[in-house]
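Q: I would like a close look at one part of this protein, set against the chain as a whole. Please keep it plain.

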Amino acid sequence: KTNDYVKVVPLVTKGSIKVSRDDGEGHALFLYHIEPGQSCAMSLKSCLGEERSRIKGEADSLTELIAIPSSYIEPWMTEFPAFKRFVINTFSQRYDELLSMIDTIAFEKMDRRIMTCLRQHARAGDSRTVRITHQKVADELNTSREVVSRLLKVMERNGQVHLGRTTIEIL
């Protein structure tokens with residue numbers, strides 16, 4: 001939860017956790033999904049720096065995880081080289097995703113950003129059909145629902161997606 005000290009670091013074994021950053025006024029920016037075999041870089045950073053969390057995580061679906069107590073993180077990094085590599089790889093992967101997100105925001109058109117968002121949700125849910133509203137997509141991409149709805153209708157006419165009530169199927 002945003003602004004709390006992190007007491008455990010999640011290691012997802014099943015399902016997916018959506019990680020986002022709140023602006024304090026009810027808006028959130030999607031950052032990444034934590035999928036099976038992965039952990040949260042921001043939780044690790046908060047534990048190692050003994051800082052308050054600046055993100056929040058929500059389970060996207062039925063999710064199982066191993067909750068590693070924050071007090072174990074630093075000693076395990078010293079004692080277990082494989083765990084240290086896992087932590088470094090987690091930071092590296094999230095850094096690469098951050099650069100990709102910056103490129104997307106700076107250089108991609110909104111229709112491509114929408115498709116990227118849908119594919120991330122599809123991969124996290126292991127399904128081509130994503131249960132999501134146009135408003136939720138708009139919130140994640142920091143745009144309006146009207147823009148998302150208009151572009152999704154164009155994408156449906158072009159055979160890229162099929163729109164249902166609260167679902168979008170990637171074709």
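How many helices and strands does the secondary structure of the chain come to, and which strands does strand 8 (residues 167-170) pair with?

A: This is a predicted model. The chain has six helices and eight strands. Their order along the sequence is β-β-β-α-β-β-α-α-α-β-α-α-β-β, and the pattern closes with two strands.

Strand 8 pairs with strand 6 and with strand 7. Strand 7 covers residues 161-164 and runs antiparallel to strand 8, with four bridges joining the two. One of the facing pairs here is Leu163 and Ile168, the latter in strand 8. Strands 7 and 8 form a hairpin, and two residues lie between them. Thr166, in the turn, has a positive phi of about 60°.

The pairing with strand 6 brings in residues 129-131. This pairing is also antiparallel, over three bridges. Arg131 is opposite Thr167 of strand 8.

As for the chain around this part, residues 24 or more positions apart make up 65% of the contacts with a separation of 6 or more. The radius of gyration is 17 Å, which agrees with a compact globule, because 171 residues would then give a value near 16 Å. Along the principal axes, the C-alpha atoms fill a box of roughly 55 × 30 × 25 Å. Of the 171 residues, 35% are buried. The exposed area is about 10400 Å², with 52% of it from carbon and sulfur atoms. Side chains carrying charge number 25 positive and 23 negative, and the centres of these two sets are 4 Å apart.

Note on methods
Residues numbered from 1 in each chain as written. Predicted model: local features only at pLDDT ≥ 70, side-chain atom pairs only at ≥ 80, totals over all residues. Heavy atoms only, no water. Rg over C-alpha atoms; globule rule 2.2 N^0.38 Å. Buried < 20%, exposed > 50% of the residue type's maximum accessible area, 1.4 Å probe, protein only. Contact = heavy atoms within 4.5 Å. Areas by Shrake-Rupley, 256 points an atom, 1.4 Å probe, with all protein chains shown as cover. Lys, Arg positive; Asp, Glu negative; His and termini not counted. Charge placed at Lys NZ, Arg CZ, Asp CG, Glu CD. Pairing = 2+ DSSP bridges.
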